[in-house]
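Please look over the protein shown here before reading the exchange, in which a trainee puts questions and a mentor works through the answers.

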Amino acid sequence: MYAKMTAQPEPIYKRILLKLSGEALMGETGYGIDPATITRIAEEIKHVHALGVEIAIVVGGGNIFRGVALSARGMDRSSADSIGMLATAINALALQDALEKQNVFTRVMTAIEMHRIAEPFIRRRAIRHVEKGRVVIFAAGTGNPYFTTDSAAALRALEIKADAILKGTKVDGIYTADPKTDPTATMFDRITYLDVIQLDLKVMDTSAISLCRESGIPIHVFNLYTHGNIARVVCGEKIGTVVGPDLPTAQEIKGHSLGGAP
């Protein structure tokens, strides 16, 4: 599949944390895991891995169970979040199977111990795995209720000293408003961590953005469904939106003076 592509430039990142939502795995099926979609994602990850990039992945569970939605309908939040964490483990095992079918050595590490199916998360062991060229999939979030898988992605990225977080979504990047409901919404090329919080853009939860802000780790938000986009981001192409430090102010953004910052 990739043999026909033009030669890729050198990766600008040595080690990345790829954040995949559970919804990314269900394709157009509306629920669960779509085999064709997860195979395509695995093929793209294999291609990036072949470039020499060390890869860790945090996967969500919203295609199977959404704890927040159930707690809003009366279920205890801790119980609902625990079920959601188990859903992420299901997705992690499915993604591991898809990657290993592509001959990519993979390890699943969970924040909740599940010795029969995965390794417990141990930071030094996780770093050793990626150094050995294995793709590591982190499941069960942070292992605690009330924290999202976005927070888990930020935390794990810091723990393994990733160079960047790549968040694949269904849209092309971060917009001033929901482009599905507001035809005037415009996409930012770049934006600061603080402006994401102040403008309440909801690309990631506040705790995740704050963790990234403290460490200065960049977040790339891009369309996962465009073929080859993971490799394009890793190799420095200007697609999607980059969240980082030292960029224009929230007032400039509100005034739309950026028009997509350079």
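The questions below turn to a pair of helices and then to two single residues.

Mentor: Keep in mind that this is a predicted model, in which local features need pLDDT of at least 70 and side-chain atom pairs count only at pLDDT 80 or more, while totals for chains, interfaces and linings use all residues. Residues are numbered from 1 along each chain as its sequence is written, and side-chain values use heavy atoms, with hydrogens and water left out.

Trainee: Are the axes of α1 and α3 parallel, perpendicular or oblique to each other?

Mentor: The axes of helix α1 (residues 35-50) and helix α3 (residues 77-100) come within 9 Å and cross at roughly 60°. Angles under 35 degrees count as roughly parallel, over 145 as roughly antiparallel, 65 to 115 as roughly perpendicular and the rest as oblique. The crossing therefore makes α1, relative to α3, oblique.

Trainee: Which residues of α3 are met by Ile38, Ala42 and Ile45 of α1?

Mentor: Contact means heavy atoms within 4.5 Å. By that criterion, Ile38, Ala42 and Ile45 in α1 meet, on the α3 side, Ala94, Leu95, Ala98 and Leu99.

Trainee: Is His129 buried or exposed?

Mentor: His129 is found in helix α4 (residues 123-131). Buried means under 20% relative accessible area, exposed over 50% and partly exposed in between, using a 1.4 Å probe and protein chains only. Because its relative accessible area is 7%, His129 is buried.

Trainee: And is Ala36 buried or exposed?

Mentor: Ala36 lies in helix α1. Since its relative accessibility is 55%, Ala36 counts as exposed.

Key. Axes are lines fitted to C-alpha atoms, for helices over the stretch in contact, and angles run from 0 to 180 degrees between N-to-C directions. Helices (H or I, at least four residues) and strands (E, at least two) are DSSP runs, numbered from the N terminus.
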